Every structure is written in C-alpha cells, then in structure tokens.
Amino acid sequence: MANSSSSWELPLVAVCQVTSTPDKQQNFKTCAELVREAARLGACLAFLPEAFDYIARDSAESLRLSEPLSGNLLGEYTQLARECGIWLSLGGFHERGQDWEQTQKIYNCHVLLNSKGSIVATYRKTHLCDIEIPGQEPMRESNSTLPGPSLESPVSTPAGKIGLAVCYDMRFPELSLALAQAGAEILTYPSAFGSVTGPAHWEVLLRARAIETQCYVVAAAQCGRHHEKRASYGHSMVVDPWGTVVARCSEGPGLCLARIDLNFLQKLRQHLPVFQHRRPDLYGNLGHPQS
C-alpha cells in the first residue's frame, strides 16, 4: 500500500542502535554522537534503545550504577536535547525511584524528553523479562527491577502521538491495543533482544503489533557484545501501519531514518476499520484500560 504524502513535508525520526557496556560515560558519548547526527539530518525525534545508559554484568552492578531521574546522567541528556533542539525517547533508564530506600530495587523507565529538555512522560516497564531460553543467557529482570504500576497515556510529539512501551512488552498485544485505543499513532519498543529470540521473533512481533493496531512501530535496539556475559540481536527498525519495514539499521552501532505519514495512517484506518469491527460482546474489551 503506497504512502500518499510528499516525503519532504513529513516529520523525520531517527532510530539509534548502540552497544551499551557498563561504562556509562562512554555510552553517553556514543549516544550523544548519534543524537547530534540525527539532529543534523533533520530529525525531530531520536529514539534510543532499552538500557541506553548501561548494560551491567550482573544485578549487583546494575543496582550500583543506577540513578534517580534527577541524577547527573539524565541531566546530560536534558542538556543534549536542548542543545540539539530534538525530542528524545530514552528507551529504558535504570531508575532509582522514590521507593529505592525501602526496596533496593529499580525501575526500567522509558523517559520522553521534549526539545527543551523537559521530561514530558515516563513509563515504567510493566512486564518484566524472567525467561530461560536454551542457547541464550537466562534473564531474571525481577531480581533487580520492580514492575511499573500503570500505562502512560499517549503523548503528542512533532512526529505524532506516541505510546510508550519497553522490549518484552511487545509480547503482550493487550498493551498495544490499549495504547492504540487511547489515541496512539506511533508505538515504540526500545529493546535489547537476545541472540536466540531475536532471529525467531523480533521482526514478526513488531510487524504484528503495527498491523493489528494500525500504528507506526519504532524499535531502537541494542546490538553486539556488551561484555563477556551478554550480547544483543540489533536490527533496529521502523514499521508502518501496513506492516512494511520502512527503515532498518545495518549491523553494528548507527542509525536509520524514517518519515512518519499520519495521512497514510488515517487513510488506512478508514479503508480497513478494524477498531469499528471489534466484538467486545464476544470477547470483552481486549486491551481496554482499567477504569
């Protein structure tokens, strides 16, 4: 299905792919270079992956390196957004929340900054990744992380209304349906997929979420070997509401660019009005936020 608008008049977004390590300052330097490149190329919004701040060797190191939202690292990103005049989706910040002293656990927090460096939204990952896949390093996110208590309403940005999620959340279509029904036009899944689940599930899940919600899907990903214990799949991409992959990162750190055509999205929803055809009388309001 062909897009209809002239590309030059559409908002441009940048999807950044990195290989985070336990070195927070080196990670910031790498991310900042990509953000500055995105701004130079005309992007209004840059997406960074889950764990853009660091990927630790174990839970103890992850907790030790964590910071509150008011800490130095997020302050550097605030300044970067302001300096570049660009919105930033910071896809999974290791956040010491207000309950840190009591729990000694953190949140996996997706932070959205506007071009003035202000925090306009935060979403704390609600589905924690506790899995054991043969051939892939076991994940026990709940050892160090608390699940978020709620979804975040979609946020208006220069590219469209964005619904915030993080990585493992993409396996739960109820969340994406809830965000779409709340007005989302772009769903974002910053991620750090493994080397076994990545080839099997990454692209098909992202395309499925785009098709069923008729939203753009933006997925910034970690790639490569972070340290001796962990590696990530990469393949950052943007999928349009028809399910077509319209941008994809090559191997290794870097970025890809995509235009967001909301006119195309609205026409598709008119031609294929699936949300009008839902049958809550048969299966309930799947994905409908709890009141």
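Helices here are DSSP runs of H or I with at least four residues, and they are numbered from the N terminus. I begin with that definition since helix α1 comes up straight away, and I should also say at the outset that what we are looking at is a predicted model.

Let me start with the salt bridges, of which a search of the whole structure finds 14. One of them lies in helix α1, residues 24-40, where E37 and R40 are 3 residues apart and therefore separated by about one helical turn. Their side chains meet in a salt bridge, with an N to O distance of 2.9 Å. As for the surroundings of this pair, E37 counts as partly exposed at 30% relative accessibility, whereas R40, with a relative accessible area of 60%, is exposed.

A second salt bridge joins E50 to K125, and here the closest N and O atoms are 3.1 Å apart. E50 sits in the loop between β2 and α2, while K125 sits in the loop between β5 and β6, so this pair ties together parts that are 75 residues apart in sequence. Are these two residues buried or exposed? Both E50 and K125 are buried, and by the cut-off used here that means each of them has under 20% relative accessible area.

The third pair I want to show is E132 with R140, whose side chains meet in a salt bridge at 2.8 Å, N to O. E132 counts as exposed, at 57% relative accessibility, and R140 is partly exposed, with a relative accessible area of 36%. Beyond single pairs, there is also a network, in which R57, E61, R64 and E228 are joined by salt bridges that share partners.

R140 brings me to the largest pocket, since R140 is one of the residues that lie nearest the centre of that pocket, together with I55, P138, M139 and R230. The volume of the largest pocket is about 850 Å³, and 41 residues line it. Which elements supply at least two residues each to this lining? They are the helix α2 and the strands β3, β4, β7, β12 and β13, and of these it is β13, residues 230-233, that gives the most, with 3 residues. For anyone thinking about the chemical character of the lining, the residues divide into 15 nonpolar, 15 polar and 11 charged.

Let me turn to the backbone. Most residues other than glycine have a negative phi. Two residues in this model are worth a look with that in mind. C167, which is not a glycine, has a positive phi of about 40 degrees; C167 is placed in the loop between β9 and α5, and at 7% relative accessibility C167 counts as buried. The other residue is H235, whose phi is also positive, near 60 degrees, and whose place is in the loop between β13 and β14. The strand on one side of that loop, β13, is the one that gives the most to the lining of the largest pocket.

Next, a few separations between C-alpha atoms, for those of you who like to set sequence distance against distance in space. L48 is in strand β2 and counts as buried, at 0% relative accessibility; L48 and Y189 are 141 residues apart in sequence, and their C-alpha atoms are 9.9 Å apart in space. I211, in helix α6, residues 197-213, counts as partly exposed at 46% relative accessibility, and between I211 and D240, which are 29 residues apart in sequence, the C-alpha to C-alpha distance is 8.2 Å. In strand β15 we have A247, which is buried, with a relative accessible area of 8%; A247 and A81 are 166 residues apart along the chain, and their C-alpha atoms are separated by 23 Å.

I will finish at the surface. Which residues form a nonpolar patch there? They are L282, Y283 and L286, and together they have about 310 Å² of accessible area. Y283 belongs to helix α8, residues 280-283, and is partly exposed, with a relative accessible area of 44%. Patch membership requires over 30% relative accessible area, and the 44% of Y283 meets that requirement.

Note on methods:
Residues are numbered from 1 along each chain as its sequence is written. This is a predicted model: local features need pLDDT of at least 70, side-chain atom pairs count only at pLDDT 80 or more; totals for chains, interfaces and linings use all residues. Side-chain values use heavy atoms; hydrogens and water are left out. Patches are made of residues with over 30% relative accessible area and no salt bridge: like charges are joined within 9 Å, nonpolar side chains (Val, Leu, Ile, Met, Phe, Trp, Tyr) within 5 Å. Accessible areas come from the Shrake-Rupley method with a 1.4 Å probe; for residues, only the protein chains shown count as cover. A salt bridge is a side-chain nitrogen of Lys or Arg within 4 Å of a carboxyl oxygen of Asp or Glu. Buried means under 20% relative accessible area, exposed over 50%, partly exposed in between (1.4 Å probe, protein chains only). On a 1 Å grid over the protein atoms alone, a cavity is a set of points where a 1.4 Å probe fits but cannot get out, and a pocket is an open set with protein on both sides within 12 Å along at least five of seven lines; lining residues have an atom within 4 Å of a point. Grid points are joined across faces, edges and corners, and a volume is the space filled by probe spheres set on the points. Ala, Val, Leu, Ile, Met, Phe, Trp, Tyr, Cys and Pro count as nonpolar, Asp, Glu, Lys and Arg as charged, and the others, Gly among them, as polar.
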